[in-house]
Amino acid sequence: MTATPTAPPPQAAAPTVRIRDLRIDAATGTLVHGIDLDIAPGERVGLIGESGSGKSISSYALLGLLDEQLSARGDVRIAGVDGNVLDCSDSTLSAARGRIASIVFQEPMTALNPLMRIEAQIAETMLRHRTVPDRRSARRAVLELLAQVKVPDPDRVARAFPHQLSGGQRQRVVIAMALANDPALLICDEPTTALDVTVQAQVLDIISDLVRDRDTALLFISHDLAVVSSVADRVAVMRHGHIVEHGATETVFAAPQHSYTKALLAASDLNAADGRGRLVTVDSAPDSEPGSAPGGSEERPSAGQRPVVAASPHLVLDPGEGGSPSAQVFNPAPSDTVPLIRARGLSRVYPGSRGGHRGEGVHGLRAVSFDVVEGQKLGIVGESGSGKSTLLRIVAALDKATAGGIEVGGTDLGRASRAELRRLREDVAVVFQDPMSSLDPRMKVSAIVSEPLRGVGRAEAAERTREVLAAVGLDDDALTRFPHQFSGGQRQRISIARALITRPRILIADEPVSALDVSVRAQVLNLIADLSDQYDLTLLFISHDLGVVRHVCDALLVMSSGEIVESRGTADLYAAPRHRFTADLVSATPTLKYARTTVVTGEDR
Amino acid sequence: MILSIGRRIGVFLLTVFVASLIIFLLLSVVPGDPAQVALGVTATPEALAAQRAAMGLDQSLLVQYLDWIGGLLAGDFGTSPVTNAPIGAELLSRLGITTVLVLCGMAVALIIAVPLGVVAAVRRKRPDGVLLSALSQVGIAVPAFLAGLLLITVFAVQLRWLPAGGWARPDEGLGSTLAHLLLPVVALGFVQAAVISRYVRSSVLDVMQEDYLRTARGKGFTAPEALVRHGLRNAAIPVLTISGVQLGHMLIGAVVVEKVFVINGLGSMLLEKAANRDMLAVQGIVMVVVTAVLLINLVVDVLYTVVDPRLREASS
Amino acid sequence: MTGSAPPHARAEERRPAVSSESGATGRRRRSWRGGSGNLVTGGTIVVLVVLLALVSLVWTPYDPIPVNPAGRLLGMTSAHPLGTDLYGRDVVSLLMYGARISLLVGVAAVVIAMVIGVPVGVLAGMRGGWVDQVLMRATDVALAFPALLLTIVFGAVWGAGTTTAVIALGISAAPSFARVSRSGTLQIMSREYVVAARAANRGPFWIATRHVLPNIAGLVIVQSSVAFGIAVLAEAALSYLGFGTTPPTPSWGRMLQEGQSYLFDHPMLVLWPGIAIALTVLGLNLLGDGLRDRLDPRAGGAR
Amino acid sequence: MNRAPARPTSARGRRAPGSIRGKRRRNIVLLVLTLMLPLAGCAVGPAPSASAPGEVTIALSRAPAHLDYTRDAGASIAQALLYNVYETLVKVDDEGRIQPLLAESWTVSADRTAYTFELRDGVRFSDGRPMTADDVKFSFDRLPEWTNGVAKNLSGITATEVVAPDVVRIRIAEPDNALLTTLATRPGTIYPENDVDRLTTRTNGTGPYVVESYDPGATMRLVANDDYWGGPPPLRRITLDYYTDPTAQTNALMTGGADAALGVDAPQLLPQFDDTPAFRVTTGTTNGEMVLSMNNRTAPFDDKRVRQAVIHAIDANGVRAVAAEGRGTMISSMVPPTDPWYEDRPEPYPYDPERARQLLAEAGTPHPTISFKVPNLPQYVRTGQTVQSYLEAAGFRVDMRILEFPAVWLGEVLTSHDYQLAVIIHAEPQDIRQFSNPNYYFGYQNAQADAVLAEARSGPPEDYAAGMRRYARIIADDAAAGFLYLTDWIDILSDRVTGVPTNASSESIDLTRLSRTDGGS
């Protein structure tokens with residue numbers, strides 16, 4: 001096990017990484033079909049693609065971290081490593097990993113050994129490669145690194161175990177670990193996907209700064225074009241194992257050549273709408289190859305499209321000035337209307353002592369008051385832990401408030417009888433976040449969709465099931481199939497169909513697109529917008545992503561730490577956020593630099 | 001952490017209490033009349049009544065239970081109506097024998113199972129890994145007494161290397177003790193090793209899929225180094241569980257091996273007392289075994305909190 | 001921390017619901033080869049044993065029960081391919097009949113364990129709170145009674161025999177079913193489709209029968225095959241100890257026990273039932289592993 | 001006295017032809033069984049003894065639950081303790097003759113209802129107290145408190161009188177030709193008053209050995225009683241190891257874990273000792289009849305035809321083949337050939353299943369359902385299973401239950417009489433007399449037989465044998481029980497020990513003359 005990293009390459013111009021014809025095969029077929037890519041020292045390259053495009057495994061191949069089931073061919077050179085990386089033994093490569101080339105993985109929650117203190121985990125990176133002489137200097141270096149990644153209290157964090165840190169802190173630790181030995185190459189594999197938007201912005205800043213300071217070559221992998229655009233000098237777009245487009249970030253984003261890139265850009269840009277005010281989807285994008293959308297060819301826009309109706313006429317917005325947020329009624333209904341949902345002083349305290357708050361419970365909601373009027377499309381925005389999901393559960397009568405009251409359609413949920421609750425639940429339908437988890441894998445679609453129907457004859461149930469499936473754009477042959485036979489977007493359509501079958505008055509959408517690929521996201525958002533008009537729904541749309549709600553909703557509630565901090569009309573809120581947190585959120589939301597802002601004038605289908 | 005251990009001990013005591021109630025009801029109330037057992041069927045009603053009074057059977061169930069449990073707490077298991085001898089002394093010496101047997105067996109099992117399981121996991125795609133895995137599968141499937149029988153036939157009867165059975169107390173010469181211990185420990189240990197190695201393998205496989213192992217490799221560790229430094233401690237947790245469970249169950253599970261090797265341990269005592277319908281003795285044995293199993297669970301639980309910082313936090 | 005499921009079980013629940021790209025292409029990809037090898041081998045063995053047992057219901061080469069002193073301890077002959085035992089009974093017929101007993105013991109014990117354990121586990125997992133606490137403590141207590149201990153004690157109280165053994169084995173296997181069902185239920189209850197069902201006005205019974213049970217069925221089946229193997233082994237051990245199947249009913253365990261003293265002159269008498277037991281348990285374990293690979297996507301092709 | 005000679009036979013003589021080939025195959029199979037273990041070096045030599053010099057380890061089969069044979073009817077307590085630890089006034093020697101023991105001599109009154117015993121001088125219990133006539137009186141006076149049926153055998157004693165400290169007189173109601181024989185059995189044991197509360201755990205006898213410790217079910221250690229009136233015994237210590245499993249019993253002997261295995265009841269294990277000159281196998285006589293007991297008191301066995309049908313239905317030779325590997329002796333009544341009144345007489349109801357069916361039909365119960373209780377020891381299970389098979393072939397429906405021996409079987413069958421059919425070895429001398437014990441579990445009542453027995457016992461001694469012969473014939477002809485066969489007493493002795501009686505003529509395994517031949521003693 002001798003390390004073979006050699007002296008720096010003779011020519012300064014030599015790339016840090018040089019990939020030629022990299023192919024990756026699995027037992028089931030070829031996943032990566034020969035890609036070429038160079039990264040010069042200090043250069044920051046973004047690798048863009050949707051799930052299954054082969055971007056992550058390509059990066060793993062660079063470090064010899066591929067799964068055993070996968071095999072890589074081709075020629076990969078990393079400055080400092082002798083020979084073709086793909087031919088190197090694990091022990092040879094291990095001498096380079098963490099020293100010449102490091103990697104940051106997507107999921108910070110599981111990337112750290114739960115049984116080891118942070119200090120030890122970072123220190124061993126250096127001790128392993130003997131870049132520090134002893135433990136004491138390692139400790140100094142660890143604290144320094146933690147300070148560099150802007151961890152609040154480096155001393156405390158160094159002593160902590162991973163579970164004592166938040167996701168953002170853990171990811172910083174992982175970055176610190178990756179940069180501990182000043183590697184020539186840093187690979188970041190979706191490093192911020194699992195993080196909240198504001199945290200994402202901070203982490204991206206840290207990565208950019210550190211890489212720039214150290215002149216490290218960066219390979220940044222993401223599905224999120226906006227994120228990549230904020231980091232990378234140069235991007236490569238991957239699809240189905242091919243690099244379909246490659247060039248300077250500005251060029252590619254501003255003038256994409258390949259149809260897929262165009263479509264992807266269009267779909268990512270939630271400001272872009274087509275001629276009818278609908279979001280651009282990959283399929284509806286100009287020059288798109290028919291039948292080759294990333295989400296699968298079966299992703300078709302729904303039949304029965306309707307133009308988006310402008311902001312709801314009843315909408316009266318509270319300026320949100322003065323007073324403690326908790327005492328204030330947000331989004332109040334006009335005095336002459338009875339709100340459909342009326343919450344006053346709503347609190348939810350979870351018992352128990354998770355996370356060290358001994359004695360006192362955990363506050364999911366702190367005295368929240370708001371109204372929702374009939375027909376309103378209200379977005380509820382906040383980061384994880386902001387209380388938006390708790391709010392959803394209470395409105396859907398899945399949970400009870402510990403204090404305060406909420407009326408839905410005139411029924412007080414706290415005091416409702418079983419029968420009233422049952423009636424109410426028919427009026428309130430929910431579309432959930434995760435299309436994998438929200439459909440029972442052992443039930444056929446017909447059973448899933450008709451599940452909420454009670455007291456309805458078999459024939460009528462079948463008829464209504466077909467009806468709602470048609471409304472979400474699925475054929476009858478979907479009825480007898482199981483969820484796993486559908487793509488993510490289609491599953492979300494099934495989920496929506498289930499929500500609609502009781503002909504509810506209120507539709508609660510809980511992050512309905514956050515688990516979907518970019519291209520499909522637009523389709524589903526269009527569908528929700530369409531259907532809420534078609535079915536005269538009052539929509540509560542919950543999201544962590546301001547960009548997503550912006551398109552669908554006409555008013556927003558912004559939540560933070562169990563409180564509503566601001567409520568405004570969508571456009572107003574974007575234009576001039578009042579609360580500091582809202583401002584942070586707006587500014588942290590990555591935007592596509594260089595992208596065209598014009599409406600795509602693709603041919604309508 | 002102290003608090004959490006205190007809480008666990010509380011739960012343990014509660015569980016032992018419930019178990020003792022069940023045992024008492026099952027063995028004191030359900031079967032026949034111990035006075036009859038003591039005196040035989042021909043005993044006169046007067047003699048029976050006197051015997052019942054002497055044994056406290058004319059008291060209410062509650063009093064009887066309190067008597068029994070009070071005795072246990074004072075280390076008194078009562079006097080057997082069958083042998084007229086105190087149960088505690090015999091039980092203790094039998095427990096001692098079985099404990100030695102089981103602990104040695106478990107030690108052998110772990111010594112074999114951990115490397116075997118790790119290798120079987122790491123090399124699961126290679127022929128040797130598959131072979132090891134298959135061997136452990138076969139090992140689980142072979143009845144322990146068959147293994148013991150074959151060991152005796154070969155090593156004791158045919159080769160005369162080791163005694164065919166029996167037990168030698170250490171004060172009769174350590175060499176003899178070891179010689180007597182070897183075959184039964186091997187029979188017990190090998191079968192347990194097969195069981196535990198499956199768990200080792202599967203938990204190592206689980207750990208091998210963990211992200212932090214990939215992180216460790218990203219830091220510059222080779223796959224085996226990463227596994228040793230970061231994987232094994234994590235993988236140890238489920239192995240700890242199963243070892244604890246197995247250890248408790250072996251106290252009686254070893255009876256088969258005890259019988260084959262004519263070792264008069266706890267399991268043999270249970271068999272003998274059950275056959276003689278010495279229910280008070282059976283009751284004592286069951287109580288000891290159940291308490292031991294629960295105690296082992298407690299120890300395993302406490303070990304968790306030592307191994308896993310998440311639990312330290314969560315339960316404080 | 002509630003309950004006493006080992007922490008690693010909880011850790012898995014924290015896994016991200018959205019599968020990463022690498023997961024889709026590699027890490028969690030199912031490899032059918034390893035799993036199906038076990039499945040096919042195990043399944044074949046088990047099916048063969050079941051067939052043997054079924055055939056024995058209508059036909060065995062000889063009646064396996066009557067004693068035939070004139071034909072004792074015959075070696076392998078064309079009339080008796082595996083010879084005869086110490087009672088002069090045909091070993092092939094005995095093995096076939098013994099398969100029936102072993103399977104009966106296994107099936108009955110597993111059914112008892114399932115009937116007790118699964119509802120307890122599902123109830124504990126669905127209700128949570130004090131119900132969960134109480135049920136899981138009860139499970140802990142039950143788990144503290146090792147199977148052999150329970151069987152011997154039951155034998156002492158109610159008399160030894162197949163029925164007693166089956167009941168004791170079933171009861172002692174129930175806690176593991178309860179635990180498996182509970183952890184499965186907890187996972188299912190965290191799924192959004194359960195929340196969806198609640199939002200859709202469906203009560204606990206509907207959720208239990210339509211969502212939880214079908215989805216934990218795989219876990220329960222895997223556990224069943226494991227418990228089945230344990231029961232077959234336990235039956236053999238109990239027969240050896242005299243607490244199992246009573247004569248004249250032939251069982252593999254009894255055959256082993258009876259053949260033991262003939263090991264010197266007629267080792268095959270021990271070998272055949274030994275092979276039968278080992279093979280059956282092996283088959284069941286392989287089947288269990290194979291099913292686990294099929295039904296637990298997390299395990300992937302790893303096992 | 002007409003005595004059959006002891007039959008020390010080498011097991012070699014019984015080897016079936018072709019067993020050489022069998023042995024080679026067995027070795028091959030063993031080799032296969034153990035996959036890889038080298039048997040090449042398995043020169044089977046005599047294993048060194050695990051016992052220290054002056055000590056002997058004996059492997060036995062059935063362990064007593066405790067040490068009190070006044071309470072327990074099982075034979076195993078007496079086998080270990082009688083003569084070795086406890087003594088009686090007189091004893092039965094290996095040839096079945098009455099010999100003086102604690103009584104140096106005795107006289108019988110003219111009307112034969114008073115026996116006066118002169119006690120031996122200098123006899124002490126193991127706790128040091130001298131044994132006197134008072135102890136004899138106490139022992140016999142306490143007989144009614146025995147919960148064990150055998151005490152009934154001495155129920156004829158009307159009084160025990162202390163004549164002098166060393167002279168005791170026993171009075172009986174009627175003359176009894178069997179009295180001395182009975183006094184040599186368990187009920188004749190002399191023990192002191194002060195320890196009767198602790199009989200289950202402590203012994204205090206006058207014998208050459210003292211129980212040092214007993215680990216129930218496992219090991220009994222006997223140590224020499226240095227104050228023994230007959231002088232110190234030959235060995236310092238005798239360890240009795242109990243093996244529930246006969247394979248383990250012989251394995252222990254084979255591997256040096258024991259110096260002798262006595263009362264081996266699994267003859268299939270003998271062949272391995274064939275080639276080993278270090279061991280010798282002896283086959284001796286016993287009083288142990290394998291008896292198929294029928295509860296004469298209740299249906300269907302209150303009908304003689306059904307009892308006859310049972311005996312006709314069973315081929316006792318077949319039972320013997322399965323249960324004793326063909327060893328043992330066929331008997332037609334409950335009399336071993338060693339008894340003076342033994343008669344070589346054909347079985348009155350020979351194996352004839354057709355006749356059995358016929359008798360059942362005549363009795364009006366062609367398919368009687370029988371509850372059959374069998375002790376859970378291998379020998380009995382084999383017997384039971386074979387009997388069941390024969391009976392079912394003749395139309396009986398047999399519900400066989402295997403019960404733990406001794407506790408459960410004795411409780412249900414012997415004590416509670418809760419049985420219809422049972423099987424057990426009756427090993428007490430002259431146990432045929434129990435058919436006239438109305439409280440015995442046989443439940444047999446036959447006034448004519450009782451009269452014959454009474455007359456034989458109280459009649460002139462020279463007519464005793466003839467009377468007993470007549471009695472035995474009546475019992476057999478009345479099909480009072482099935483007498484399947486007489487068991488053999490098989491000992492396997494290493495060449496290190498000597499002094500073991502070949503025959504089991506008494507209730508004791510008499511170890512008083514056991515000693516080591518290898519200079520160990």
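Helices here are DSSP runs of H or I that are at least four residues long, numbered from the N terminus. With that in hand, a good place to start is Gln249(D), which sits in helix α5 (residues 246–254) of chain D. The model is a predicted one, so everything below is computed from it.

Is Gln249(D) buried or exposed? Buried means under 20% relative accessible area, and Gln249(D) comes out at 0%, so it counts as buried. Leaving out neighbours within four places in sequence, Gln249(D) is in contact with Ala59(D), Leu60(D) and Ser61(D), with Tyr243(D), and with Ala261(D), Leu262(D) and Val264(D). Ser458(D) is another story: 209 residues separate Gln249(D) from Ser458(D) in sequence, and their C-alpha atoms are 45 Å apart in space.

Stepping back to the whole of chain D, there are 12 helices and 22 strands. Of its 521 residues, 62% are buried. If contacts with a separation of 6 or more are taken, 72% of those in chain D join residues 24 or more positions apart. The chain exposes about 18,700 Å², and 51% of that comes from carbon and sulfur atoms.

Chain D also has a part in some empty space. Rolling a probe the size of a water molecule over the atoms shows where such space is left. The second largest cavity has a volume of about 770 Å³. It is lined by 48 residues, and the closest to its centre are Arg62(D), Ala75(D), Gln79(D), Ile425(D) and Ala427(D). Which elements give two or more residues to this lining? They are the helices α2 (76–81), α7 (316–324), α9 (378–393) and α10 (407–415), plus the strands β18 (421–426) and β20 (489–494), of chain D. Sorted by class, the lining has 25 nonpolar residues, 16 polar ones and seven charged ones.

Chain C is built from another mix of elements. It has 11 helices and zero strands, so to speak an unbroken run of α from the N terminus on. Buried residues make up 62% of the 303 residues in chain C. Among the contacts in chain C with a separation of 6 or more, 71% are between residues 24 or more positions apart. About 10,800 Å² of chain C is exposed, with carbon and sulfur atoms supplying 68% of it.

The UniProt record adds some labels to chain C. An unreviewed entry places "domain: ABC transmembrane type-1" at residues 99–288 of chain C. In the model, that span is 84% helix and 0% strand, and its end C-alpha atoms are 19 Å apart. UniProt (unreviewed entry) also lists "transmembrane region" for residues 37–59, 101–126, 138–158, 164–181, 216–243 and 269–288 of chain C. Residues 216–243 of chain C are 93% helix and 0% strand, with 34 Å between the end C-alpha atoms. Residues 269–288 of chain C are 100% helix and 0% strand, and here the end C-alpha atoms lie 29 Å apart.

One residue of chain C links several chains. Gln260(C) is found in the loop between α10 (252–259) and α11 (268–295) of chain C. With a relative accessible area of 3%, Gln260(C) is buried. Apart from neighbours within four places in sequence, Gln260(C) is in contact with Leu149(B), with Tyr240(C) and Val270(C), and with Asp245(D) and Thr247(D).

Chain B carries the "transmembrane region" label too, again from an unreviewed UniProt entry, at residues 12–30, 100–122, 134–157, 177–200, 239–261 and 281–307. Take residues 134–157 of chain B: the span is 92% helix and 0% strand, and its end C-alpha atoms are 29 Å apart. Residues 281–307 of chain B are 100% helix and 0% strand, with the end C-alpha atoms 38 Å apart.

Last comes helix α4 (residues 118–128) of chain A. Its buried residues are Ile118(A), Gln121(A), Ile122(A), Ala123(A), Glu124(A), Thr125(A) and Met126(A). What do they pack against? In chain A, the partners are α5 (135–148), α6 (154–159) and α7 (167–179), and in chain B they are α9 (211–219) and α10 (223–253). Gln121(A), which lies in this helix, is buried with a relative accessible area of 2%. Not counting residues up to four places away in sequence, Gln121(A) touches Leu112(A), Asn113(A), Met116(A), Pro162(A) and Met177(A), as well as Lys219(B). After α4(A) comes Arg130(A), whose phi is positive, near 50°.

Note on methods: Residues numbered from 1 in each chain as written. Chains lettered and ligands numbered in written order. Predicted model: local features only at pLDDT ≥ 70, side-chain atom pairs only at ≥ 80, totals over all residues. Heavy atoms only, no water. 1 Å grid on protein atoms, 1.4 Å probe; cavity = no way out; pocket = protein on both sides within 12 Å on 5 of 7 lines; lining within 4 Å. Points joined across faces, edges and corners; volume = space filled by probe spheres on them. Nonpolar A, V, L, I, M, F, W, Y, C, P; charged D, E, K, R; others polar. UniProt positions renumbered as here; feature names shortened; annotations may be inferred. Buried < 20%, exposed > 50% of the residue type's maximum accessible area, 1.4 Å probe, protein only. Contact = heavy atoms within 4.5 Å. Areas by Shrake-Rupley, 256 points an atom, 1.4 Å probe, with all protein chains shown as cover.
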